[in-house]
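Here is a short tour of how the helices in this protein pack together. Have the viewer ready and follow along.

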Amino acid sequence: MDAIVLLKEDHKTVEKMFKEFEKIKDSGTARQRKALVDKIRKELTTHAFIEETIFYPAAREEVPETDDHVLESVEEHHVMAWLLSELSNLSATEETFNAKATVLIENTRHHVEEEEKEWFPEVRKALGRNRLLELGEQMAAAKKKAPSDPLALISAHK
Ligand SMILES: [Fe+2]
Ligand SMILES: [Fe+2]
């Protein structure tokens with residue numbers, strides 16, 4: 001699969017989970033909210049892992065104009081990683097749980113929008129279909145190697 005198509009599919013998957021969270025945010029039980037945020041953590045950590053280990057380095061090296069975008073994206077991942085880690089250590093009965101999850105969702109939506117609108121199109125143009133297919137294959141395979149702890153991401157310690 002084309003690398004950018006794969007990443008956008010992931011974005012859609014996580015957006016569905018965000019909408020689900022917004023639905024149960026006030027009405028769901030603590031157990032339901034905790035379980036959903038755990039799912040979000042797994043999905044986002046895997047996604048960030050394949051971006052940081054494969055897609056971002058390729059973009060930076062092969063499309064140097066996107067350098068600033070890549071650096072900003074890593075900073076955004078950094079914030080996400082720490083929020084995800086804090087959420088995994090937090091009971092959903094704590095008053096800060098929903099607040100942290102909401103900020104995570106807002107930040108991630110902003111990040112996804114920048115990726116999709118501002119720099120993925122540039123990368124697509126510069127890399128071309130064959131290279132994107134190659135990167136897509138690598139990323140699909142790398143998902144199996146993704147950590148479950150968001151603090152294991154490179155961005156967490158940048
Ligand atoms: Fe990202
Ligand atoms: Fe992404």
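## Helices α1 and α4

Is the crossing of α1 and α4 left-handed or right-handed? In this predicted model, α1 and α4 cross in the left-handed sense. Helix α1 covers residues 3–24 and helix α4 covers residues 95–142; their axes come within 5 Å, at a crossing angle of roughly 160°. An angle over 145° counts as roughly antiparallel, so α1 and α4 are roughly antiparallel to each other.

If you would like to find the contact, look on α1 for residues including Ile4, His11, Phe18 and Phe21. Their partners on α4 include Ile105, Val112, Phe120 and Met139. Sorted by class, this contact of α1 with α4 holds 15 nonpolar, three polar and three charged residues.

## Helices α2 and α3

Next come α2 and α3, whose axes are 10 Å apart and pack at an angle of about 160°. That makes this pair roughly antiparallel, and the crossing of α2 with α3 is left-handed.

Among the residues that meet here are Val37, Leu44 and Tyr56 from α2, and Val70, Met80 and Leu84 from α3. The contact of α2 with α3 comprises eleven nonpolar, four polar and four charged residues.

## The nonpolar core

The largest nonpolar core counts 32 residues, and Ala3, Phe55, Met80, Leu84 and Leu104 have the most contacts inside it. Each of α1, α2, α3 and α4 supplies at least two residues of this core, with α2 giving the most, eleven residues.

Phe55 is a nice one to click on: beyond its neighbours within four places in sequence, Phe55 is in contact with Ala3, Leu7, Ile50, Leu135 and Met139.

Terms used:
Residues numbered from 1 in each chain as written. Chains lettered and ligands numbered in written order. Predicted model: local features only at pLDDT ≥ 70, side-chain atom pairs only at ≥ 80, totals over all residues. Axes fitted to C-alpha atoms, helices over the stretch in contact; angles between N-to-C directions. Helix = DSSP H or I, 4+ residues; strand = E, 2+ residues; numbered from the N terminus. Parallel < 35°, antiparallel > 145°, perpendicular 65-115°, else oblique. Left-handed = near helix turned anticlockwise from the far one by under 90°. Contact = placed C-beta atoms within 7 Å. Nonpolar A, V, L, I, M, F, W, Y, C, P; charged D, E, K, R; others polar. Core = buried A, V, L, I, M, F, W, Y, C linked by C-beta atoms within 7 Å. Buried ≥ 20, exposed ≤ 12 C-beta atoms within 10 Å, placed from the backbone.
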